[in-house]
Amino acid sequence: MVLGKTTTIRMILGILKKDKGEITWNDKPVDRKNVNFGYLPEERGIYPKTKIYDQLIYFAELKGMKKEEADKEIKKWAKKLKVDEYLEMPAEKLSKGNQQKVQFITAILHNPELIVLDEPFSGLDPVNTEILKEAILELVKSGKYIIMSSHQMSSIEEFCTEVLILNRGVTVLKGNLKEIKNSYPANRIDLSTEENAEKYIKELGLEIRNSKNNEYEIKIKSEEDGFKLFNLLAENKQKVLKFEIKKPSLNEIFIEKVGE
């Protein structure tokens with residue numbers, strides 16, 4: 001069997017049966033009896049004709065919460081995620097982004113210790129993405145352990161400390177994100193100058209990937225190229241507003257590993 005991200009998640013949570021092996025959390029098999037977990041699936045999983053508040057109460061009670069406790073948590077998270085005005089509306093009246101935020105509430109309402117998020121930002125506009133990001137960061141700060149699956153490498157890079165990249169069911173890269181990035185040589189410079197600096201960049205034979213309003217993304221082979229450019233700009237009294245030597249992004253590493 002070739003496993004993808006979602007299939008792996010469903011096996012971890014016992015939704016799909018595994019052929020062999022063991023899945024544990026704190027030395028206990030992952031199931032509803034042993035582990036208090038929350039799951040945000042990639043697909044929509046709320047009832048379109050039912051009021052948001054009623055179904056949140058229903059999901060909370062399924063997870064063992066008392067109605068008074070659930071009511072308090074629903075109102076708290078609805079306010080944080082800016083969906084409190086929709087609680088008395090049926091789900092079908094909400095935008096896809098707000099439906100996603102409601103579904104997120106169902107995943108974390110019961111205060112789980114383990115939270116699994118499958119493509120949490122899928123279909124969200126920039127405003128709702130930022131709202132959900134703030135909520136996830138709050139959960140991280142409170143000590144929750146979060147497993148996140150995403151095709152958006154920028155989101156993974158922003159949130160995750162440990163990563164695993166699958167290609168056709170095979171692990172091609174795993175480990176601490178910072179250590180992985182540090183194992184790669186620097187490959188670009190982000191430069192911003194007050195005046196046009198193109199001639200100095202070309203003088204050193206460096207490639208400009210992108211440029212706009214005296215802001216440049218420059219391809220380099222090593223950090224030494226960066227030091228040479230900085231010294232050249234200083235010698236010519238160029239006012240440098242930003243100069244950053246950067247490692248490959250996770251997106252670049254992903255393309256290198258699975259681009260074929």
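Start by selecting strand 8 (residues 188-193) and strand 10 (residues 215-219) in this predicted model. The two run antiparallel, and 5 bridges join them. For a landmark, click on Ile189: its bridge partner in strand 10 is Ile218. Now let the selection grow to the whole sheet, which is open, has 4 strands and follows the order 9-10-8-11 with antiparallel pairing. At its edges you will find strand 9 (207-212) and strand 11 (240-246), each of which pairs on one side only. Direction ignored, neighbouring strands of this sheet are turned by 15 degrees against each other on average.

Next, add helix 9 (residues 223-235), which packs on the sheet. This helix touches strand 8, strand 10 and strand 11, and its direction makes about 170 degrees with that of strand 11. Follow the chain into the loop between helix 9 and strand 11 and stop at Lys237. Is Lys237 buried or exposed? Lys237 is exposed, with a relative accessible area of 74%. Check its backbone too: phi is near 55 degrees, a positive value in a residue other than glycine. As background, most residues other than glycine have a negative phi.

A second stop of this kind is Asn111, in the loop between helix 4 (96-108) and strand 4. Here phi is near 60 degrees, again a positive value in a residue other than glycine.

From Asn111, move on to strand 4 (residues 114-118). Why is strand 4 described as largely enclosed by the rest of the structure? The reason is that 5 of its 5 residues are buried, and buried here means under 20% relative accessible area. In a regular strand the side chains alternate between the two faces of the sheet. Show the side chains to see how they point in this strand: Leu114, Val116 and Asp118 go one way, while Ile115 and Leu117 go the other, and all are buried. Asp118 is worth a click as one of these buried residues.

Now bring in the neighbours of strand 4. Strand 3 (residues 37-40) runs parallel to strand 4, and 4 bridges join the two; look for Leu40 opposite Leu117. Strand 5 (residues 145-149) also pairs with strand 4 in the parallel sense, over 5 bridges, and there Leu114 stands opposite Tyr145. Add helix 5 (residues 126-141) to the view, and strand 4, helix 5 and strand 5 together make a right-handed β-α-β unit.

Back at strand 3, follow the loop that leads to helix 2 and select Arg44, which lies in it. Arg44 is partly exposed, with a relative accessible area of 34%. Which residues does Arg44 touch, not counting those up to four places away in sequence? They are Lys96, Gln99, Gln100, Gln103 and Ser122. Try a distance label between the C-alpha atoms of Arg44 and Gln99: these residues are 55 apart along the chain, and the atoms are separated by 7.8 Å.

For the last stop, select helix 2 (residues 52-62) and helix 3 (residues 67-80), whose axes come within 10 Å and cross at roughly 125 degrees. That angle makes helix 2 oblique to helix 3, and the crossing is right-handed. Turn on the side chains where the helices meet: Tyr53, Leu56, Ile57, Ala60 and Glu61 from helix 2, with Lys67, Ala70, Asp71 and Ile74 from helix 3.

Note on methods. Residues are numbered from 1 along each chain as its sequence is written. This is a predicted model: local features need pLDDT of at least 70, side-chain atom pairs count only at pLDDT 80 or more; totals for chains, interfaces and linings use all residues. Side-chain values use heavy atoms; hydrogens and water are left out. Buried means under 20% relative accessible area, exposed over 50%, partly exposed in between (1.4 Å probe, protein chains only). Two strands pair if DSSP finds at least two bridges between them. A crossover is right-handed if, with the strands pointing away from the viewer, the path from the first strand over the helix to the second runs clockwise. Axes are lines fitted to C-alpha atoms, for helices over the stretch in contact, and angles run from 0 to 180 degrees between N-to-C directions. Angles under 35 degrees count as roughly parallel, over 145 as roughly antiparallel, 65 to 115 as roughly perpendicular and the rest as oblique. A crossing is left-handed if the near helix is turned anticlockwise from the far one by less than a right angle, and right-handed if clockwise. Contact means heavy atoms within 4.5 Å.
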